[in-house]
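Trainee: Could you take me through one part of this protein in detail? I'd like to look closely at the C-terminal end and how its strands are arranged.

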Amino acid sequence: MIHPVIMAGGTGSRLWPMSRQLNPKQFLKLTSGPLSMLQATVARLEGMDTANPLLICNEEHRFLAAEQMRQSGHEDTRIILEPCGRNTAPAIALAALQLCESVENGTDDPLMLVLAADHLIRDVTAFQEGVTKAIPLAREGKLVTFGIVPHHPETGYGYIHRGTELGPDSYAVDKFVEKPDQATANRYLDSGEYLWNSGMFLFGARQYLEELEAYRPDILTACRAAIADAADDLHFTRVSAQRFAECPSDSVDYAVMEKTDKAAVVALDAGWSDIGSWSALWEVSDKDPNGNSLTGDVITHNTSNTLVRADSRLVATLGVDNLVVIETKDALLVAHKDSVQDVKTIVEQIKNDGRHEHMNHREVYRPWGVYDSIDNGARYQVKRITVKPGAKLSVQMHHHRAEHWIVVSGTARVTNGDKTYLVTENQSTYIPIGQVHSLENPGVIDLELIEVQSGSYLGEDDIVRYEDRYGRK
């Protein structure tokens, strides 16, 4: 049995304004279909002999990850929470240590299939066949990576130079090479001996830990300390924040793969892309006869080779070519496709200006549902709130704001001080400043309501939680 380990960290800032710090690209529906990139990663494992996936993600993404795994039919997925980013070598070490603890002593070394949650793979059959080819190599103690067969000279990826043939489409790794310039990328493609470095792996958990101990014992020591002080919370494993913060940051390539003599590579031709930019998404998207990829309410005239995504309103283009136009409820990006790698500079400018559009969308997901900030002013804010059936917001209090709730549909169970009562469609209630209160959906359909906040301070940090079923107290 293979144990999938899905790395779902990162912020995907080059895909702003859709990808935000609190809702990054791995949780978005970027390609055609109803699944997020994380859910698509899980779905491509169907039909294989795999255990329940083990997920690694940032602390602040925990409920988003858990909800998407629940929607995928994996409610019991264990999620390791990273209190801070330390790159891929420590993340994989945490998963390997957890996996070795969970399997019986004396069993074969459990095989870890390490996948990124934000990759696109269009040929699932070819992907699964590649994994099958890697299994015997991993059983022999090899640390197998998957190299993507290049079809054009790409300067945005690192490469792997393949060595001695080990089996069908399988080779020893001769060397890893950095991102090349255009002339070097042309030479790599012409030689037929180089593969793109995908960042996907298959190896034994204990074998990986042995190699990490040989080449980066400082990382392994810190990860062991962090996992030893871990605490389980619902389906989450919270490693020690202090111990993990002391861990050096390094990629699995630099820490292990470029140093070990056990590295092998399986060539994979499966329509792979890491969707690292808007131009990369345009390349893999379905297009109309004019080369346009259009999503949402879009009208075009005399437009070609352009990517347009409209989230909340009509977007019209006229007489343009080779552009990226991304519209969300609170931001609009217009860029030439040749400049999309510089989107990060816009994100940095937003941060430096003290704005918030890099952090989250206007629509914010919570473990109990979602809210959309539809209007705001100097002393008021209006939200549309949706609470899932059976869900309950924390028992809380605000020092600086009062709240008016108007139920649009469904039924709310409201605790307001020492009173608890139901509020149904077209009814409303008022929560004074300083009143302890809570909101719950006791019904079987979504509860939708309009919340009007008024007061001197309306920030989300003006919440004193007394009880919370989601561990946020």
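Mentor: Sure, but keep in mind that this is a predicted model. Let's come at your region from just upstream. UniProt, in an unreviewed entry, puts "domain: MannoseP isomerase/GMP-like beta-helix" at residues 296-349. That span is 13% helix and 41% strand, and its end C-alpha atoms sit 28 Å apart.

Now for your part. The UniProt record, again unreviewed, lists "domain: Mannose-6-phosphate isomerase type II C-terminal" at residues 354-468. Here you get 0% helix and 55% strand, with 30 Å between the end C-alpha atoms. The domain assignment draws its own borders: domain 1 covers 3-273, domain 2 covers 281-353 and domain 3 covers 363-467. If you want a feel for the layout, the C-alpha centres of domain 1 and domain 3 are 40 Å apart.

On to the strands. There's an open sheet of 6 strands, and if you walk across it you meet β20-β21-β22-β29-β24-β27, paired antiparallel. The edges are β20 (363-366) and β27 (428-431); each has a single partner strand, so one side of each has no neighbour in the sheet. Going from strand to neighbouring strand in this sheet, the average turn is 20°, ignoring direction.

Zoom in on the β27 edge. Its pairing with β24 (residues 401-409) is antiparallel and runs over 4 bridges. For a handy landmark, find Glu403, which stands opposite Ile431 in β27. As a reminder, strands in a sheet pair through backbone hydrogen bonds, in either a parallel or an antiparallel way.

Note on methods
Residues are numbered from 1 along each chain as its sequence is written. This is a predicted model: local features need pLDDT of at least 70, side-chain atom pairs count only at pLDDT 80 or more; totals for chains, interfaces and linings use all residues. Side-chain values use heavy atoms; hydrogens and water are left out. Domain bounds come from an automatic or database domain assignment. UniProt positions are given in the numbering used here, feature names are shortened, and annotations may be inferred rather than shown by experiment. Helices (H or I, at least four residues) and strands (E, at least two) are DSSP runs, numbered from the N terminus. Two strands pair if DSSP finds at least two bridges between them. Axes are lines fitted to C-alpha atoms, for helices over the stretch in contact, and angles run from 0 to 180 degrees between N-to-C directions.
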